[in-house]
Amino acid sequence: MSTLDMPAVPVTYATHSSSHANVQLAHAMTLLTEQMPLRNLHWRPSTTVQSLPSTSISAHGKTASALRTLQEMPIHLVPLASHDASTRSVPVLFRLPCVHLYFVSCDDSDLYRAQVRNEIRNWMASLPSHMPTDYEDEPGSAKPVLTPEYLIVVLPHVPGTPSSMSSSSSASGKMGRFYTSSKSSVLEKLRADFNTSTVERVLPLHKLPTNVQDTDPTVWIELIARMKELILASLGRLVDVQDRRIVTASAHETSICDLLLRYEALIHTMEGLDLMHDALHLYDQVHNKIMPLLLDKPTTFPPGGQEPGDDSLLLLGPLRKPYEQLLANERITLFDMMCYLYARYSMLLGAVGDVVRVMQQTPLFVVHVARLLRPYKSELAQGFIEAWSFSVAVDAVEQCQAWLVEWQGESEDAKTTQAFHAAKAELLELAVRQLISLGVQTGHVPSKPPFAYLAPTSARYRRDAHLTRKELLEAIKKQDVFDSQCRNVLHRAILAATLSQQMPRTLRLKYLLACLETERGAYADAEKLLRELLSQASSLSALLGPTHAMFLHCLDQQGLAHGPLYTEAMVAAVQALCQWRVQMPHLPPPMDEQALLFTLCQASEAQHVDTTLLGYNGCDVRIDDTSVRRTRDEVSITVCVTSYLPRPLDVDLVSVCLTNYRQDQILLTCGPTSLVPGPNTLTLTCTTAFQGLFHIQTTQLRLGRVMLEQVHVHTLPLTLADAQYMEYTRHRLCIPADGAAMDVRLEAPKHVSLAHARTIDVVVQAGRTSLSRAILRWQSMDETRWTPSSSYEATLPDGCALQVGSQEDAEAIVLTSLRARHHARITVPLTHVSRAARVQWHITMRYQEEGTSAWHTWQRTLAAELGLPFSINIQDFFRLDTLLSKLSLEAMPGPSLRMAPLRITPSSASMQATLPAPTEAYTLAPKDTSTFLVQFAKTGDQPREANEPPCTLHVTYRMHTDEVQGRGLYALALALATVPAWDDGDQALLHAAIRAHVKTRTTLPTTLDEAFWSQTVRQWGWPRDSERVETLYALLQRWHDACSHVDDALTLAPPDDKGPSPSWANEAQATAWAASQASLAWRQLSLPLDVPVVDAVNAVTMRASTASHVPLGTPVPVRIDIATSFHWAVDTFSDVELQYNILGDYDHWIVWGHKKGVWTVDASAQMAHHTVEATFVPVSTGHLAFPRVRITPVTSSSRPFRCETFMTNAAEGLYITSSSAPRMYWVDLRPCDSLASST
């Protein structure tokens, strides 16, 4: 607010009665007015003031009133005679002369004593009569509470103006010198008469400008400073009085109106001083004190709202009612008091630029007033509360928007603008709600959700009262006007909510607009809005279900209820109903779920597509059992299906999918049934050979081509802690084990020949029931590849037949007539094996049991290891007529190996191999190496074929785990002398458990491992307290006793020693012994050994002609004999040129003479000799071995000529000794040319 619009604080002035003084006064007032308003007044309220906030801290740590700075204070200079302080309609601040000025323009001391002094005293006596008397009637006031502040200003003489002295005195030159002394005497007399010991009331003005253009600021400094001091003193007394009145009223519990008026007096003072924040603080105190009283005792005041125009009363602006007069007369209504407080507080906020806060407090104000007036609704006009709330909201938006433009100007603050739009959206939404409520009352919109939620709860109202807001009256009369106004406000609210990024409010308003468009039949516009809403489905919350229902209705009304898009809309609608059921179970669903499911089934059938609804919770499938019942190959489970639908639901299939940590899956199903509302008990069955612990993965209900599925396993990545918690808390089911069930295994063959392609065995084990037909299909899960063939090698029992290819799959394997408890072994050749030497296949088998026509499916991912537990390394060393090979076997990390004696069998008559090896089996520990020397020799003169491996190496071995398992099963055969009461398949389960138990052991256990067998029994699904478990533990005790009597010779028998089969007393012992022999069976690796192709072998022999000890530096003659053999040649050659190269290292020997040489060898002879003479000079002491000789061919031919060289006496050499005395030699290093010239 500018200073021109603000009222001014009065300051009176007067002078003594003389023409000269009046002229001087007029001139002085003109000049003083130019110095107004006063600026930068620093005011600190008294410490006794309790109403204003105290925020500053003094140096002594005590709280002091905060210093206020008054930037500008408008001053109204008014003659004392014309000032009137009795008009109480004007705030006290603007009626209180904060200072009285008396201007003295007198040069004559006699005149001063005779006239001026008396007039000043009379002026001082009249000042109290010009002070406001508003507070003089306060109880306990013995004297006027507002005392005047005054200042006597002595004006100097202005040249060109008449003087107060006599004309004779002024004309005489000699008398002129008395002017200053006369003036000083008057000033001194004034100070002596009116100054006190504490206050100086007399102030001389040393200079007075002659015109307005003279703007010397130093003239008025002292006067303005004294005026500020006195004005602030008057303001301080005024605030003290007004604060004391508030404290007194609060202590004596006066009426609400009186307390509010006392607060208003101080608020007006703060507002007049432009201390808006202090005024707002006072209004906060008013709300804290008065609002609880109004809410506790609302009947103290009449409700109000019954005057014409109350429903459209504009609150933000000039007050439309004399509220203070109503307060003074205590005739104000509850409605007017709330409006007055809101209007005053909001205007102050607008004055300081806090526009957003005005808008934010308006909805709360509307809610409070509506709550206070609601009990008196029968005394108001119909729709009064809605119309008034609409008016307040819309008017607040308009006025605050004008304020914001005024404050911001051309520069906008992004944060403030966003907050403004957020508050604007809230107010406009409030206006929309009131407008819709009026529409429900007048019948423009139906009383159904969501409009019914906004309708008033009571229909009682005052018949003779009417609304006055013009736009609302037109909207009530005409529906099209109502729709236009409602759309307009909705669009404005949506825009504001969008600009402020209030997603929930934006969606809520768009939903209301879509409902209105749907009600008016504008389905295309409603569909567009609903698509926008559904694109933000995650934020719709409670509106998701109704939005889907309305969207389907719009599609149906437009003839679009078909096609994939309509199916997707129905799926989304059903999912929204599932979310509605979770979030708002107490409310009825917005759609008929069963009708929607039926329509979805019809649409899926018409489009010939399957539809899956994930997370459907209309029917809950619960499994309370912890174990599954097994009847031979069939398992069954009882489930409780709870239907939350209001009517019976016919389903075609109910299924539960179980899975385990190996990702094995079991699907238990139930045929067509009808699910009544509430719990339904069903039995689900499945044929499977799986066993162990499983958990629920999914539950499914099928309706035609619609699958209602609920997933119970998290597929999103979880933290380790979450995964562990889910693993321990989720429900598990134990499927009992069946040792006599059909099974399929992958096994690595016992005998492996590296001369042929690697193979893998697929073993199909028939259970207790014969298989009339079985169709196998496998799929590689790694890099392993195989070649589909029209025929596979297979080991089949009697009567069983194998066929490759079926009507459905040309690569499938078909087995027919596989008898019970027999197995078929199919050998599959592999074309490529992964580097990990591991085969992982997913095998699926469909089979029919003998005597039935039903097909069953078995599928599982199986793995088998193809890697060898050891590595083989061979190094060849050629000699003239033999080949020596170093054969090394190194065990891999893992279990120990028992190695049988190695065998080498010749595959050709032209080669003979000799292998000195142990005659008994030995143990090879992990990472240990055993080394053998193999000697190869040719047995004939004919050359061998280059591509024909002459020998085959046979490595026979057995793993330590196989031995321990075999011994354990043999001990079981001994313990089964007394056969327990077996169930069908129990012995097979025990065999597998014993293998797993002793697999990681080095010796057989002699005591019972409670933890292992408890876990095993739990995985089998046997009750722990059953007779079956007691029988098992008794057998295990006998087995532990038998383990200590197993002879070690059982595992030391050679591979070819089969031995006689023991005669057992019963079939169980024979079965255990057969399993033991299968584990103890030796494995064999056949490896073809090839001899490298070499054309010539050179044997080099060096002989020195000197003694064994040679002095350092002495040349040593050496004879080199080279014997060349063509014994290992495959092809025939003519003469061959060979080159020798003596490899001197210059650290030990220096070759003196030729180091290289070439000679010709006759290749037709089997053996040739060549001699080379050389001289070596030793250059270091000690025992020095002779240098080596390298021989290479130099003859070019159609193919490379390959030769090997070895030293026959490589370890021989000479002892080099140091000389007894050093010898000195002179060597002339000059060039030859210089030597010739010198001679």
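Visitor: Which strand pairs with β25 over 9 bridges?

Guide: The model is a predicted one. In it, β25 takes part in a pairing over 9 bridges, and the sense of that pairing is antiparallel. One position in it is Gln 779, which stands opposite His 842. The partner, covering residues 838-849, is strand β31.

Visitor: In the pairing of β25 with β29, which residue is the bridge partner of Leu 776?

Guide: Strand β25 spans residues 771-780 and strand β29 spans residues 813-818. The two run antiparallel and are joined by 5 bridges. In β29, the partner of Leu 776 is Ile 813.

Visitor: How many disulfides does a search of the whole structure find?

Guide: A disulfide needs two cysteine sulfur atoms within 2.5 Å. For Cys 686, the nearest cysteine sulfur belongs to Cys 657 and is 9.6 Å away, and Cys 686 is in no disulfide. Over the whole structure, the number of disulfides found is 0.

Visitor: Is Cys 686 buried or exposed?

Guide: Buried means under 20% relative accessible area, and exposed means over 50%. The relative accessibility of Cys 686 is 15%. Cys 601 has a relative accessible area of 15% and is buried. Because its value is 15%, Cys 686 likewise counts as buried.

Visitor: What kind of aromatic pair do Trp 123 and Tyr 150 form?

Guide: The whole structure holds 21 aromatic pairs. In the pair of Trp 123 and Tyr 150, the ring centres are 5.8 Å apart and the planes stand at 90°. Planes over 60 degrees apart count as edge-to-face. The angle is 90°, so the pair is edge-to-face.

Visitor: How many residues apart in sequence are the parts that Trp 123 and Tyr 150 tie together?

Guide: Trp 123 lies in helix α2 (residues 109-126), whereas Tyr 150 lies in strand β8 (residues 150-154). Trp 123 is buried at 5% relative accessibility, and Tyr 150 is buried at 14%. Because one ring is in α2 and the other in β8, the pair ties together parts whose separation in residues is 27.

Visitor: What kind of pair do the rings of Trp 786 and Trp 841 make?

Guide: Their centres are 5.0 Å apart, with the planes at 55°. Planes under 30 degrees apart would count as stacked and over 60 as edge-to-face. An angle of 55° meets neither condition, so the pair is tilted.

Visitor: Which of the strands named above holds Trp 841?

Guide: Trp 786 sits in strand β26 (residues 785-786), and its ring partner is 55 residues apart from it. Trp 786 counts as buried at 17% relative accessibility, and Trp 841 is buried at 0%. The pair links distant parts of the chain, and the strand that holds Trp 841 is β31.

Visitor: Which charged residue sits over the ring of Tyr 150?

Guide: Tyr 150 is in strand β8. The charged end over its ring lies 4.3 Å from the ring centre. The charged end of Arg 846 sits over the ring of Trp 855, at 4.6 Å from its centre. Over Tyr 150, the residue is Arg 201.

Visitor: Which helix gives the largest share of the lining of the second largest pocket?

Guide: The second largest pocket has a volume of about 1600 Å³. Its lining has 50 residues, and among those closest to its centre are His 268, Glu 271 and Arg 344. Elements that give two or more residues to the lining include α5 (221-252), α9 (334-351) and α11 (384-408). The largest share is 9 residues, and it comes from α6.

Visitor: Where does the proline of the cis bond from Met 36 lie?

Guide: Most peptide bonds are trans. The bond from Met 36 to Pro 37 is cis, with omega near 0°. Pro 37 lies in the loop between α1 (19-33) and β2 (38-43).

Visitor: What is the phi of His 608 near?

Guide: Most residues other than glycine have a negative phi. His 608 is found in the loop between α19 (593-607) and β10 (611-614), and His 608 counts as exposed at 59% relative accessibility. Its phi is positive, near 60°.

Key: Residues numbered from 1 in each chain as written. Predicted model: local features only at pLDDT ≥ 70, side-chain atom pairs only at ≥ 80, totals over all residues. Heavy atoms only, no water. Pairing = 2+ DSSP bridges. Helix = DSSP H or I, 4+ residues; strand = E, 2+ residues; numbered from the N terminus. Buried < 20%, exposed > 50% of the residue type's maximum accessible area, 1.4 Å probe, protein only. Phe/Tyr/Trp six-rings, centres within 6.5 Å; stacked < 30°, edge-to-face > 60°. Lys NZ or Arg CZ within 6 Å of the ring centre and 35° of its normal. 1 Å grid on protein atoms, 1.4 Å probe; cavity = no way out; pocket = protein on both sides within 12 Å on 5 of 7 lines; lining within 4 Å. Points joined across faces, edges and corners; volume = space filled by probe spheres on them.
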